[in-house]
Amino acid sequence: MPFNRACLGRQYTAPEQLLDQERHGRYLTAVTGSARPETPVRPLACFAAVYLLGPIVPQLFSDQEVGLDLAHLLHGEQEFWFERPLGFGDAVTPVGLITRAEERRGMVFLELRCDGRDQAGAEVAHSRSLFLVRSPS
Amino acid sequence: MTGLERLRRFPPATETPLPELRERLTQERIAAYAMASGDHNPIHLDPDYARAAGLPSTIAHGLLTLGVAAAELELWAQGSAWTSRVSCRFSAPLPSGQEVTGRPRVLETGADLAILEMEALNESGQRVLSRATLQLRPI
């Protein structure tokens, strides 16, 4: 299935994500390599990979209208930024948007922007991901 | 002394007691990250699939490598600062089982901002994270 450059502007939505300590604990164990007895004061910034990207990226990767070759896909760049400190108990509703879709010299460049709104409807968390797909040769 | 107070005591580019990065990303940890994040791309989990894709072995998720590098700094600074931005370029894949190392440094400090740079290298000395920065703001 070839990559479809017309996927630019394609949008993905997901239900509200609770920033709960249990899910964060599993994430923390994975990134620190051990179960920590103490709970951090607030969720780690890269936990956004779970609540902001987690519900969106699988939709992108399985989207037949985009046609990404997962076997040759690499994560090129990542940025998370926040409007305020998020705490446990906050809930974020993510929306994803393809903001770049191009092919150059046989390499696919796809940029995904994700924004998360809190319960009050304010944008609080953002993500920019650049994915690259290498030529299979 | 809190993390941000420690940062403020040192001008940029001065050696500070920031925690060094030294973590081995085993296949077990990669699998744990896949479970925690929901990213089950088989290039991270299935050696045969990874080799067929032209990789030497399974590789760590880029976001795991970034998360590992950022976590120690955030935990070090927590209580006095929150992270307003974290960013990086994934320069090279990190094969499973390799140790990732790095020495963070202070790029900039101010009244309401500290920017740390997080270098991360694989066992060959190749940079796996480049332009990796973490912005801290006081609470």
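Mentor: Let's start with vocabulary: helices (H or I, at least four residues) and strands (E, at least two) are DSSP runs, numbered from the N terminus. The model in front of you is predicted, so local features need pLDDT of at least 70 and side-chain atom pairs count only at pLDDT 80 or more, while totals for chains, interfaces and linings use all residues. Residues are numbered from 1 along each chain as its sequence is written, with chains lettered from A and ligands numbered from 1 in the order in which they are written.

Trainee: Which elements does chain B have, from the N terminus on?

Mentor: The order is α-β-α-α-α-β-β-β-β-β-β, which comes to 4 helices and 7 strands.

Trainee: And how many of its residues count as buried?

Mentor: Cut-offs first: a residue is buried if 20 or more other C-beta atoms lie within 10 Å of its own, exposed if 12 or fewer, and partly exposed in between, with C-beta atoms placed from the backbone. By that rule, 47% of the 139 residues of chain B are buried. Contacts are worth a look too; two residues are in contact if their C-beta atoms, placed from the backbone, lie within 7 Å. Take the contacts in chain B with a separation of 6 or more: 67% of them join residues 24 or more positions apart.

Trainee: Let's try a helix. Which residues of H2(B) are buried?

Mentor: A general idea helps: an α-helix has 3.6 residues a turn, so residues three or four places apart point the same way. In H2 of chain B (residues 27-37), the buried ones are Arg29(B), Ile30(B), Tyr33(B), Ala36(B) and Ser37(B). They line one face of the helix, because down the axis of H2(B) they fall within an arc of 125° (the arc of the directions from the helix axis to the C-beta atoms). That face packs against H1 and H2 of chain A together with H4 of chain B. Right after H2(B) comes Gly38(B), with a positive phi near 85°.

Trainee: What about H4(B): why is it largely enclosed by the rest of the structure?

Mentor: Because 15 of its 16 residues are buried. H4(B) covers residues 62-77 and reaches 23 Å from first C-alpha to last, close to the expected 22 Å (1.5 Å times one less than the number of residues). There is a bend of about 25° at Ala70(B); that is the angle between axes fitted to the seven residues ending there and the seven starting there. Just past H4(B), Gly79(B) has a positive phi of about 100°.

Trainee: Now strands. Which strand does S2(B) pair with in chain B?

Mentor: Pairing takes at least two DSSP bridges between two strands. S2(B) pairs with S7(B) (residues 127-138), antiparallel, over 8 bridges, and Trp82(B) has Arg137(B) as its bridge partner. S7(B) also pairs with S5(B), antiparallel over 4 bridges, where Leu116(B) partners Leu134(B). S5(B) (residues 114-117) in turn pairs antiparallel with S4(B) (residues 105-109) over 4 bridges, and a hairpin joins those two through 4 residues.

Trainee: And which face of S3(B) is covered?

Mentor: In a regular strand the side chains alternate between the two faces of the sheet. For S3(B) (residues 99-102), Val100(B) and Gly102(B) make the covered face, with Glu99(B) and Thr101(B) on the uncovered one. S1(B) (residues 21-24) pairs with S3(B), antiparallel over 4 bridges, and Arg22(B) stands opposite Thr101(B).

Trainee: How many residues of chain A are in contact with chain B?

Mentor: 31, and they meet 35 residues of chain B. The largest share of the chain A side, 9 residues, comes from S3(A). That side divides into 19 nonpolar, 8 polar and 4 charged (Ala, Val, Leu, Ile, Met, Phe, Trp, Tyr, Cys and Pro are nonpolar, Asp, Glu, Lys and Arg charged, and the others, Gly among them, polar). S3(A) (residues 73-82) also pairs antiparallel with S2(B) (residues 81-90) over 5 bridges. Trp81(A) has Arg85(B) as its bridge partner, and Gln78(A) stands opposite Cys88(B).
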